[in-house]
Amino acid sequence: MDFHLRLLMLLSVLVLASATHTNLPVLLFDEGYSQLFGDENLMILRDGKTVHISLDERTGAGFVSQDLYLHGFFSASIKLPADYTAGVVVAFYMSNGDIFERNHDELDFEFLGNIRGKEWRIQTNIYGNGSTSVGREERYGLWFDPSEDFHQYSILWTQNHIIFYVDDIPIREIQRTEAMGGDFPSKPMSLYATIWDGSNWATNGGRYRVNYKYAPYVAEFSDLILHGCAVDPIEKLPNCDTTSNNVLDSEKLTAGITSNQKSKMKNFRKKHLTYSYCYDQSRYRSPPSECVIDSHEADRLRGFDPVTFGGGQHRHGKRHHRNRASRGEATTSL
Ligand SMILES: *[C@@H]1O[C@H](CO)[C@@H](O)[C@H](O)[C@H]1NC(C)=O
């Protein structure tokens, strides 16, 4: 191969590696996390870095970070259970719901299982200061089978930006607007990973339930990254000042959404976005202030479902106040 071409390929690999933040330190499970529930349905592998959480007829399982974090970069490589997984939910998320019961913040990746032959779907969502009456869900298909291999799922959270990544692709960016007020997560949160039975809503609105004939359902987590400003759980004060490297790093990472990454995000959304609250006219007559309307995304969604996404008859007077159990019920199915 031509030497220059090889050099060019090597360089682009290096650029990719930095874009996926792979230079950040990976924690041993015991260094950063504790088991949350599920007794022996959580298993730490011998390398100390990989953990399996599983769902069977007895229980699901989950783990939680030992610290709370105010802003940062949070990531895991995840391999989801294969074959029939309808009703199974794997969640990788940040929350402070156990501390702020009435005004919690939350940032979610939720993986919704499917019947055999149909692939997992991903959902992202955010809540700020208890904004649970305003769902900000988006759903996507993927360009790979997430049960076949590990892929990296990451959340970048800074004072003014939230970015969800799949591998090196930013799939969603939320820029804080003045009008969002407290709806933008602003209080320290813990990181969680859980697997549980979402039979009532996860797959076609509950039509397909978990079938325990196929249990245990095992989700594998590895390359756990907690790169943020840890907060003292008692005093609730950030343990790193704003001039420390951690915070500067994450601000840099935000600035790091290059035009190349923006165009990757656009391409991803053009192909794989299947639901966004920003276009759901049956829920919000005009899109919430932080929405950036993209005509390609609008066309795509309207093609799936003209009633929900406009261009057809509007459903009036049918506001969806989804509670925790039912939020995310698919209005469009793949
Ligand atoms: C968050 O909610 C609390 C309690 O409801 C309220 O006092 C506070 O002003 C809110 N903060 C923001 C930033 O909206």
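The paragraphs below lead from the main sheet to two annotated residues and then to the ligand. The model is a predicted one, in which local features need pLDDT of at least 70 and side-chain atom pairs count only at pLDDT 80 or more, while totals for chains, interfaces and linings use all residues. Residues are numbered from 1 along each chain as its sequence is written.

Eight strands (DSSP runs of E, at least two residues, numbered from the N terminus) form an open sheet in the order 1-4-13-6-7-8-9-15 with antiparallel pairing, where two strands pair if DSSP finds at least two bridges between them. At its edges lie strand 1 (33–37) and strand 15 (273–276), each of which pairs on one side only. Within the sheet, strand 6 (residues 88–95) and strand 13 (residues 190–197) run antiparallel and are joined by eight bridges, and Val90 stands opposite Ile195 in strand 13.

An unreviewed UniProt entry lists Glu106 and Glu110 under "active site", although such annotations may be inferred rather than shown by experiment. Glu106 is found in strand 7 (residues 106–112), and Glu110 is found in strand 7 as well. A residue is buried if 20 or more other C-beta atoms, placed from the backbone, lie within 10 Å of its own, exposed if 12 or fewer do, and partly exposed in between. Glu106 counts as partly exposed because it has 19 C-beta neighbours inside 10 Å, whereas Glu110, with 21 such neighbours, counts as buried.

The ligand is surrounded by Asn103, Asn129, Gly181 and Gly182, taking residues whose C-beta atom, placed from the backbone, lies within 6 Å of it.

Methods. Helix = DSSP H or I, 4+ residues; strand = E, 2+ residues; numbered from the N terminus.
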